[in-house]
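Subject: Structure handover and notes

Dear colleague,

I am handing over the structure that you will find just below, together with some notes on what came out of going through it. Please read the notes with the coordinates open beside you.

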Amino acid sequence: MIYLGTEFKNAAEVKEYNKQGNVNYYKTLAKLFGENPTMELNSMMCDVADTLVNVFGMTYAEIENIEIEALAA
């Protein structure tokens, strides 16, 4: 199966690809928030965090660790 120009063997690989995309987006938002904290960025981070929890089964502790790593980089 080909999705967004990338070949995948099964649906689980597509889900992992999408999860990683959301994680990368969250990292980008966290870096931006660290430079210029705004309510808008905070709202966007909350939306992505909810997606990571409700769709991909991550915990808020895992998301917090991603945020800490992104801010330390």
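What follows is a description of the whole chain and then of some residues in turn.

Please bear in mind throughout that this is a predicted model.

**The protein as a whole**

The protein contains 3 helices and 2 strands, and the order of these elements, read from the N terminus, is β-β-α-α-α. Taken along the principal axes, the box filled by its C-alpha atoms is roughly 40 × 25 × 20 Å. The protein has 73 residues, of which 25% count as buried, and its accessible surface comes to about 5,000 Å², with 55% of that area belonging to carbon and sulfur atoms. If one takes the contacts with a separation of 6 or more, 41% of them are accounted for by residues 24 or more positions apart. As to charge, the protein carries 5 positive and 11 negative charges, and the mean positions of the two groups are 9 Å apart.

**The surface patch and the N-terminal segment**

M1, Y3, L4 and Y17 together make a nonpolar surface patch of about 420 Å². One of these residues, M1, is found in the segment before β1, the strand that spans 2-3, and M1 counts as exposed because its relative accessibility is 53%, where the cut-off is over 50%.

**Helix α1: N18, N22 and Y26**

Helix α1 covers residues 11-35, and three of its residues are described here. N18 has its place in helix α1 and has a relative accessibility of 24%, so it counts as partly exposed. Not counting residues up to four places away in sequence, N18 touches Y3 and F56. N18 and N36 are separated by 18 residues in sequence, and their C-alpha atoms are 27 Å apart in space.

N22 is also found in helix α1, and with a relative accessibility of 19% it counts as buried, because the limit for that class is under 20%. If its neighbours within four places in sequence are left aside, N22 is in contact with V48, T51, L52 and F56. F56 is thus listed both among the contacts of N22 and among those of N18.

Y26, which is likewise found in helix α1, has a relative accessibility of 4% and therefore counts as buried. Once residues up to four places away in sequence are set aside, Y26 touches M45, V48, A49, L52, I63, I66 and E67. Of these, I63 and I66 fall within the range of helix α3, residues 60-72, while V48 and L52 appear in the contact list of N22 as well. Y26 and C46 are 20 residues apart in sequence, with a C-alpha to C-alpha distance of 9.2 Å.

**Helix α2: L41**

L41 lies in helix α2, which is made up of residues 39-54. Its relative accessibility is 14%, and L41 therefore counts as buried. Leaving aside neighbours within four places in sequence, the contacts of L41 are L29, L32, F33 and N36. For one of these partners, L29, the separation is 12 residues in sequence and 6.7 Å in space, taken C-alpha to C-alpha.

**Helix α3: A72**

A72 has its place in helix α3, residues 60-72, and counts as exposed because its relative accessibility is 68%. A72 and I2 are 70 residues apart in sequence, and the distance between their C-alpha atoms is 35 Å.

With kind regards

Definitions and conventions
Residues numbered from 1 in each chain as written. Predicted model: local features only at pLDDT ≥ 70, side-chain atom pairs only at ≥ 80, totals over all residues. Heavy atoms only, no water. Helix = DSSP H or I, 4+ residues; strand = E, 2+ residues; numbered from the N terminus. Buried < 20%, exposed > 50% of the residue type's maximum accessible area, 1.4 Å probe, protein only. Contact = heavy atoms within 4.5 Å. Areas by Shrake-Rupley, 256 points an atom, 1.4 Å probe, with all protein chains shown as cover. Lys, Arg positive; Asp, Glu negative; His and termini not counted. Charge placed at Lys NZ, Arg CZ, Asp CG, Glu CD. Patch = residues over 30% accessible without salt bridge, like charges linked within 9 Å, V, L, I, M, F, W, Y side chains within 5 Å. Salt bridge = Lys/Arg side-chain N within 4 Å of Asp/Glu carboxyl O.
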